[in-house]
Amino acid sequence: MDHSVTPPAGRRATPVPYALLGGFLLLLAGLFTVSYGVGHLAGPVAPDLRGVSHHDEDPDPHHGGMDGMDGMGH
């Protein structure tokens, strides 16, 4: 007696894991797009924040680049 089970001829064996993975990746891409859009609309966290300026020659080498932190030197 043969008890082997063969899948129907028109179906693939396991399309579900690939469909779940594809759905997860689409969800992940959608969440990334929405979060990027919200962040772009919200703007910078600190509006007065400027990029770090790199000076070739520091006028006060003992200052240490800590603007607004006077009195903290040794």
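A quick definition before the views: helices here are DSSP runs of H or I with at least four residues, numbered from the N terminus. Everything below comes from a predicted model.

**View 1. The whole chain, with its one helix and zero strands.** The chain has 74 residues, and buried residues make up 0% of them. Its accessible surface comes to about 7700 Å², with 65% of that belonging to carbon and sulfur atoms.

**View 2. Helix H1 from end to end, residues 16-42.** Does the length add up, or what span should we expect for 27 residues at 1.5 Å a residue? H1 should span 39 Å, and its end C-alpha atoms are indeed 39 Å apart, so the two agree. There isn't much packed over this helix: H1 is hardly covered, and zero of its 27 residues count as buried. Just after H1 comes Gly43, whose phi is positive, near 85°.

**View 3. The aromatic pair of Phe32 and Tyr36.** A search of the whole structure turns up one aromatic pair. Phe32 and Tyr36 make that pair, with ring centres 6.4 Å apart and 25° between the planes. Planes under 30 degrees apart count as stacked, so this pair gets that label. Why can these two rings meet? Phe32 and Tyr36 sit four residues apart in H1, which means they are separated by about one helical turn. In general, an α-helix has 3.6 residues a turn, so residues three or four places apart point the same way. Both partners are out in the open: Phe32 is exposed at 57% relative accessible area, and Tyr36 is exposed at 56%.

**View 4. A nonpolar surface patch of about 610 Å².** Leu21, Phe24, Leu25, Leu27, Leu28 and Leu31 make up this patch. Take Leu21, which has its place in helix H1. Is Leu21 buried, partly exposed or exposed? With a relative accessible area of 48%, Leu21 is partly exposed, because that class runs between the 20% and 50% cut-offs.

Conventions
Residues are numbered from 1 along each chain as its sequence is written. This is a predicted model: local features need pLDDT of at least 70, side-chain atom pairs count only at pLDDT 80 or more; totals for chains, interfaces and linings use all residues. Side-chain values use heavy atoms; hydrogens and water are left out. Helices (H or I, at least four residues) and strands (E, at least two) are DSSP runs, numbered from the N terminus. Buried means under 20% relative accessible area, exposed over 50%, partly exposed in between (1.4 Å probe, protein chains only). Accessible areas come from the Shrake-Rupley method with a 1.4 Å probe; for residues, only the protein chains shown count as cover. Rings of Phe, Tyr and Trp (its six-membered ring) pair if their centres lie within 6.5 Å; planes under 30 degrees apart count as stacked, over 60 as edge-to-face and the rest as tilted. Patches are made of residues with over 30% relative accessible area and no salt bridge: like charges are joined within 9 Å, nonpolar side chains (Val, Leu, Ile, Met, Phe, Trp, Tyr) within 5 Å. A salt bridge is a side-chain nitrogen of Lys or Arg within 4 Å of a carboxyl oxygen of Asp or Glu. The expected span of a helix is 1.5 Å times one less than its number of residues.
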